[in-house]
Amino acid sequence: FVGCGKQDSNVIVMGTNPTFPPFEDIQGDEIVGFDVEISKLVAEKLGKELKIEDMEFGQLLGAASSGKIDFIAAGMTATEDRAKQVDFSVPYFESKQVIIVAEDNDSITQAEDLEGKKVGVQLGTTGDLFVSGYESDAGATIDVVQFDKGAMAVADLSIGKIDAVVLDEEPAKKIVANYKGVKLVEAPFIEEVYAIAVKKGNAELLNTINEVLNEIQENGTYDALYAEYFGV
Ligand code: ARG
């Protein structure tokens, strides 16, 4: 069976959900973005060819655990719960959840204002977990509406079908720019960090990924990519 195992393969498979600009998005028929650039550097370091699997966000953890993909690069927040299923790299990005509302809405300025409102999220994301699990001391909850893509939530918001959307900040900025009549509320309420995930126990790959993440911080590559994708 020598040569049949995945370990021997010349291909490294990254799984992502390209609905999340500028981390991963589809342009033409190509998956592009900040996470793709980092993944290319990981593949290069391993001397392997990078293959990208386009998956539902909610399928990524299972795919990594089962070995269908080698690693996840999907703007994925490193949470304690997820760390039971996969191993996370060192953090590579600091993010937060933000609220998007109609341009003329001045009544939603913080998380509490979402109580009793119809709020769109991307299924299975930390924004979804927050909104779905929200309960005030008085027992008020938020009426969650789950979408496959953040952009679909913002589209529904822009035509008044829902009251607000909760999304990660950088994708929120990009998506809001594509729709009329919506704005970002400057009331970030959950801070998080993104990390790359591998199958539990795959220390070899995790070490290489951490090496790449550390190296690009030191040699200026990270800053160059940051400037390119986040325009600072
Ligand atoms: N950071 C959030 C999370 O981990 C959202 C990530 C969504 N990523 C994506 N590629 N669609 O839940």
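What follows is a short exchange about a predicted model and how its descriptors are defined.

Mentor: Local features need pLDDT of at least 70, side-chain atom pairs count only at pLDDT 80 or more, and totals for chains, interfaces and linings use all residues. Residues are numbered from 1 along each chain as its sequence is written.

Trainee: Why does the radius of gyration agree with a compact globule?

Mentor: The radius is taken over C-alpha atoms, and the globule rule is 2.2 Å times the number of residues to the power 0.38. For 232 residues that gives a value near 17 Å; the protein has 19 Å, which agrees. The C-alpha trace spans about 60 × 35 × 30 Å along its principal axes.

Trainee: What makes a residue count as buried?

Mentor: It needs 20 or more other C-beta atoms within 10 Å of its own; 12 or fewer means exposed, in between partly exposed, with C-beta atoms placed from the backbone. Of the 232 residues, 38% count as buried.

Trainee: How do you know where the ligand lies relative to domain 1 and domain 2?

Mentor: The bounds, 6–92 + 195–230 for domain 1 and 96–192 for domain 2, come from an automatic or database domain assignment. Both domains give residues to the shell around the ligand, so the ligand lies between them.

Trainee: Which residues come nearest to the ligand?

Mentor: A residue is near if its C-beta atom, placed from the backbone, lies within 6 Å. Of the 14 around the ligand, Phe 20, Ala 74, Thr 77, Thr 125 and Thr 126 come nearest.

Trainee: How far apart are the domain centres?

Mentor: The C-alpha centres of domain 1 and domain 2 lie 26 Å apart.
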